[in-house]
Amino acid sequence: MKHISRRKFIATGLGVAASASGIVVAARVAQRHGLIPPDGGGFYGPGETLTYAAQRLLTRHSMAREFPRSEISKDPFANEVAPLGDEFKRLQAASFVDWRVTVEGMAARPTSFSLAEIRSFPTSTQITMIGCEEGWTYIAEWAGVPLAYILDRVGALPQVRYVVYQSIQPDWWESIDMADALHPQTVLAHRMNGNELPVPFGGPVRLRVPRQIGYKSVKYVNRLILTDNLKPFGKGRGGANADYGYAWYAGI
């Protein structure tokens with residue numbers, strides 16, 4: 001009860017500050033409680049901070065909506081990606097038997113997992129909607145290993161604040177905080193609609209983060225980095241999508 005009351009108190013403080021003194025004051029309240037996102041600076045920083053802090057205080061354990069099988073989209077949309085390069089073509093030609101997902105950084109047991117190992121791990125299945133900032137959506141069944149299982153297996157250290165996940169696409173990556181990393185619906189997906197994950201949809205492995213907009217569900221993931229600081233990765237806020245002006249936290 002003490003923890004719940006404290007959260008309500010902080011959330012109430014954010015609301016009062018936002019209504020009485022404006023968004024900047026509310027952001028200062030969030031800062032005092034360590035709820036500043038990586039893109040919390042600059043002109044839009046206070047707004048990003050208020051959004052992130054309110055979500056973490058009020059909906060930290062909420063679940064993305066799940067749908068019945070009858071609502072799975074018949075023609076899901078696969079947005080176009082840049083050419084994946086010769087290395088990807090080589091791996092694809094060999095049915096991805098040599099595909100590996102490396103986990104490094106702040107881990108007691110840094111590890112490299114083969115696709116076969118990932119497919120052998122405990123699997124979680126969900127039927128959720130993926131929505132793009134461009135406006136399109138579709139509903140699909142995703143199956144994969146919970147990211148929380150991977151983090152436990154490698155011994156993520158207590159100091160870890162973010163998981164950076166990189167694609168085989170050059171310079172393409174994103175990051176999430178531990179609230180989303182440990183969320184039961186966040187998975188390293190390797191199946192879609194009952195089949196192996198198709199390449200146009202991110203196969204053989206993509207990170208599926210159903211509580212955030214589609215650009216956080218990066219395709220062709222081959223590297224995870226556990227860290228307490230995003231600044232070494234560029235721009236201090238995380239993600240290839242920073243170039244497009246997208247927010248670091250894209251909760252829905």
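This passage walks through a strand hairpin, the nonpolar cores and a set of salt bridges in a predicted model.

Strand β6, which runs over residues 173-177, is a good place to start. It is mostly covered, with 5 of its 5 residues buried. In a regular strand, side chains alternate between the two faces of the sheet. In β6, Trp173, Ser175 and Asp177 sit on one side and Glu174 and Ile176 on the other, and both of these faces are covered. The partner of β6 is strand β5 (residues 162-167), and the two run antiparallel, paired over 5 bridges. Within this pairing, Gln166 stands opposite Trp173 of β6. The two strands make a hairpin with 5 residues between them. One residue of the turn, Asp171, has a positive phi of about 60°.

Next comes the nonpolar interior. The largest nonpolar core takes in 34 residues, and the members that touch the most others are Trp99, Leu147, Ile150, Leu224 and Leu226. Two or more residues each come from α4 (85-93), β1 (100-105), α5 (115-120), α6 (147-154), β5, α7 (178-181) and β10 (221-227). Helix α6 gives the most, with 4 residues. Apart from this core lies another, of 11 residues, including Cys132, Ala140, Met192 and Phe201. Back in the largest core, Trp99 has a long list of contacts, even with its neighbours within four places in sequence left aside. Earlier in the chain it meets Phe88 and Leu91, and later on Phe113, Ser114 and Leu115. Its other partners are Ile168, Pro204, Val205, Tyr220, Val221 and Asn222.

As for charged groups, side chains of opposite charge can pair when their charged atoms come close. A search of the whole structure turns up 10 salt bridges. One of them brings the story back to β6: Asp177 pairs with Arg56, with 2.7 Å between the closest N and O atoms. Since Asp177 belongs to strand β6 and Arg56 to helix α3 (residues 45-59), this bridge ties together parts that lie 121 residues apart in sequence. Both partners are tucked away from the surface: Asp177 is buried at a relative accessible area of 6%, and Arg56 likewise counts as buried, at 4%.

Two further bridges involve helix α5. In one, the side chains of Arg100 and Glu117 meet at 3.8 Å, N to O. Arg100 is in strand β1 and Glu117 in helix α5, so 17 residues separate the two in a pair that links distant parts of the chain. Arg100 is partly exposed, with a relative accessible area of 39%, and Glu117 is also partly exposed, at 32%.

In the other, Arg119 meets Glu196 at 3.6 Å, N to O. Here helix α5 supplies Arg119 and strand β8 (residues 195-196) supplies Glu196, so the bridge joins parts 77 residues apart in sequence. Arg119 is partly exposed at 31% relative accessible area, and Glu196 is partly exposed at 48%. Finally, shared partners gather some salt bridges into one network, made up of Arg56, Asp177, Asp180 and Arg211.

Note on methods:
Residues are numbered from 1 along each chain as its sequence is written. This is a predicted model: local features need pLDDT of at least 70, side-chain atom pairs count only at pLDDT 80 or more; totals for chains, interfaces and linings use all residues. Side-chain values use heavy atoms; hydrogens and water are left out. Buried means under 20% relative accessible area, exposed over 50%, partly exposed in between (1.4 Å probe, protein chains only). Two strands pair if DSSP finds at least two bridges between them. A nonpolar core is a set of buried Ala, Val, Leu, Ile, Met, Phe, Trp, Tyr and Cys residues joined through side-chain atoms within 4.5 Å. Contact means heavy atoms within 4.5 Å. A salt bridge is a side-chain nitrogen of Lys or Arg within 4 Å of a carboxyl oxygen of Asp or Glu.
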